[in-house]
Amino acid sequence: MKYWAFFVGKLAAVAAIAFGLKRLMYEVYLYIDAPASIAIRSGHSPFLHDLSWTTAVMVHTVLSIGMVYLAILDQKYRCRTCLRRLKMPVNSGSWDRALIFEPPKTEYICPYGHGTMSRKDLQLTGKEQEIWVEHKDIWEELESIGRK
């Protein structure tokens, strides 16, 4: 639950930044008294009537979509328990034997041992989901292997 609440919080922050930038665009246009400011003051949208305003809206839209994409990408590589970034990428599998044996994949681990995430590097049947495996205490497991 904490994982999804953190994601919703990030999306809310992205929305606040996007709306703040949009408000800043309006204020700048009203301040410089551009031709678009007449339309804004009268309650009409200067979109598609003023090239500079249309360009500013396009740049704002691309930046907003980019911020949402980065928030989603950041969320994919976080631990589901402690929300820390996953570390230590380890490649496994082989590209030359991908169809016969195990396809190549990259595994990430939580620094505190809460779990691991596997992401397949070869997508034969379409986009496949990352696999999250939760561990009770992975460091105890690793230490017990070294004692044998």
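These are my notebook entries on a predicted protein model.

**Entry 1: overall make-up**

I began with the secondary structure. I found 4 helices and 4 strands in the protein. I then read along the sequence and wrote down the pattern α-α-α-β-β-β-β-α.

Next I looked up burial. The protein has 148 residues, and buried ones make up 31% of them. I also checked the contacts with a separation of 6 or more. Residues 24 or more positions apart account for 42% of these.

**Entry 2: the surface**

I looked up the exposed area of the protein, and it is about 10500 Å². Carbon and sulfur atoms supply 65% of that area.

Which residues make a nonpolar surface patch of about 610 Å²? I listed Ile 17, Leu 21, Leu 24, Val 28, Tyr 31 and Ile 32. I picked Val 28 for a second look. Val 28 sits in helix H1, which covers residues 2-32. Its relative accessible area is 40%, so I noted Val 28 as partly exposed. Patch residues need over 30% relative accessible area, and Val 28 has 40%.

**Entry 3: the sheet**

I turned to the strands. In what order do the 4 strands form their open sheet? I traced E1-E2-E3-E4, with antiparallel pairing. Strand E1 (87-92) and strand E4 (131-134) are the edge strands, and each pairs on one side only. I also noted the turn between neighbouring strands of this sheet: it is 20 degrees on average, direction ignored.

I then followed one pairing in detail. Strand E3 covers residues 115-120 and pairs with E4 in the antiparallel sense. I noted 4 bridges between E3 and E4. One bridge partner I looked up was that of Thr 116, and it is Val 133 in E4.

**Entry 4: two backbone angles**

Last, I looked up phi values. Most residues other than glycine have a negative phi. I wrote down two residues with a positive one.

Leu 83 is not a glycine, yet its phi is about 65 degrees. I located Leu 83 in the loop between helix H3 (51-76) and E1. Is Leu 83 buried or exposed? I noted it as buried, because its relative accessible area is 14% and the cut-off for buried is under 20%.

Met 88 is also a residue other than glycine, and its positive phi is near 50 degrees. I found Met 88 in strand E1, which is an edge strand of the sheet. The relative accessible area of Met 88 is 45%, so I noted this residue as partly exposed.

Note on methods
Residues numbered from 1 in each chain as written. Predicted model: local features only at pLDDT ≥ 70, side-chain atom pairs only at ≥ 80, totals over all residues. Heavy atoms only, no water. Buried < 20%, exposed > 50% of the residue type's maximum accessible area, 1.4 Å probe, protein only. Contact = heavy atoms within 4.5 Å. Areas by Shrake-Rupley, 256 points an atom, 1.4 Å probe, with all protein chains shown as cover. Patch = residues over 30% accessible without salt bridge, like charges linked within 9 Å, V, L, I, M, F, W, Y side chains within 5 Å. Salt bridge = Lys/Arg side-chain N within 4 Å of Asp/Glu carboxyl O. Pairing = 2+ DSSP bridges. Axes fitted to C-alpha atoms, helices over the stretch in contact; angles between N-to-C directions.
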